Amino acid sequence: MISTNLYKNIDLSRKREQQIDTLKVFNENVTEISFNKEYSVEFPTKAGNLSLFIELGPEFPFEKPTMKICPRITHKWVDASGQIVLAPGLMNYTIHSDLGRVVQVIRREFELDQSLTLANSGSDGFSGNINIGCLKNAITSLSNDAEFFSLAKLTSAELLRLNNNVDCLDEFISELPSIEASNKNIENAITKIMDLANSNMSKEEPICNLKSEISKQLETIETYQKSYAEHSATYVKLSEKYSPQSISDNLKKAAIKCDEESERIAEQFLNGEIDCDKFLHVYVKSRTMSYTRKAKEDRLNYQLKQLKEAGF
């Protein structure tokens, strides 16, 4: 059984504002008489322009609103004082109802009723009070609706019991086909959610394993990145060392070094520090190396010049 206590934790102020918003969305010519408490909706009918006054009590939307039509008209939904009491949407009003749609249905009923007339000041065709028999007749006329068909089968005593006992009313509502269907849908949704939750929990261990594997792979990638950076630095040094221009410069420096070595050997020979045979062997070798390196340098510079002229 669905109890009204389930709704006590709902933000009353927020729900109240939402209901008032639906009133303004689904209806035109809405006038605010008292902020958050009383509103009016004006609309034309065959009997003339009418005003529907909506009064929202302090417990609205947990309690249904009070509606009154002015000027007073002759209609099965309206009592002798002009208050609307038998409109289906208003009679069956709950926190799940839309105030705007309920008012819209009432307004359209009056707008489309070609037999609508203003009530006489004397006799209206209504008794001062709405008795249970009248209520039951009105419900019977709506017996094509599955919800009201359940009410139409009740006796006057049963209707009074529902009206006076909230728990009985809650129990009756919980047994309505639409409520049972809603409860069944809720149970199915809960079952699906539980199945989905269990499925998600079963995937927790594989996901943890995947996260661990990804962490290891990230560490491997970091190691490769460091190795790549070191090899890149080595490559840059080697590419600079073995570039054609660098080789040419090194050949030139090596040739100069050989010339300096041969000059030093010649001075040693002139000073008598080495004999003639050793001088000739070492000096010729040093000069030959110098000439060879100079020749290689010249040849390389020539090739580089040719490549530069060719656009490389």
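**Exercise 1. Decide whether Trp77 and Phe110 are buried or exposed.**

Solution. Start with the cut-offs: buried means under 20% relative accessible area, exposed over 50%, and partly exposed in between (1.4 Å probe, protein chains only). Trp77 is buried. Phe110 is buried too.

This is a predicted model: local features need pLDDT of at least 70, side-chain atom pairs count only at pLDDT 80 or more, and totals for chains, interfaces and linings use all residues. Residues are numbered from 1 along each chain as its sequence is written, and side-chain values use heavy atoms, leaving out hydrogens and water.

**Exercise 2. Classify the ring pair of Trp77 and Phe110.**

Solution. Two values describe a pair of aromatic rings: the distance of the centres and the angle of the planes. Rings of Phe, Tyr and Trp (its six-membered ring) pair if their centres lie within 6.5 Å; planes under 30 degrees apart are stacked, over 60 edge-to-face, and the rest tilted.

- Step 1. The structure holds five aromatic pairs.
- Step 2. In this one, the centres are 6.4 Å apart and the planes stand at 55 degrees, so the pair is tilted.
- Step 3. Trp77 lies in the loop between strand S5 (73-74) and helix H2 (88-91), and Phe110 in helix H3 (residues 99-112), so the pair ties together parts 33 residues apart in sequence. Helices (H or I, at least four residues) and strands (E, at least two) are DSSP runs, numbered from the N terminus.
- Step 4. Phe43 joins Trp77 and Phe110 in one aromatic cluster.

**Exercise 3. Find which elements build the largest nonpolar core.**

Solution. A nonpolar core is a set of buried Ala, Val, Leu, Ile, Met, Phe, Trp, Tyr and Cys residues joined through side-chain atoms within 4.5 Å.

- Step 1. The largest core has 26 residues; Ile84 and Phe110 are among those with the most contacts inside it.
- Step 2. Helix H1 (12-26), strands S2 (38-45), S3 (48-55) and S4 (66-70), and H3 each give two or more residues.
- Step 3. H3 gives the largest share, five residues.
- Step 4. A second, separate core has six residues, including Leu159 and Cys168.

**Exercise 4. List partners that Ile84 touches.**

Solution. Contact means heavy atoms within 4.5 Å. Leave out residues up to four places away in sequence. The partners then include Leu52, Met67, Trp77, Ile106 and Phe110.

**Exercise 5. Locate Ile221 and state its exposure.**

Solution. Ile221 sits in helix H9 (residues 204-241). Its relative accessible area is 43%, so Ile221 is partly exposed.
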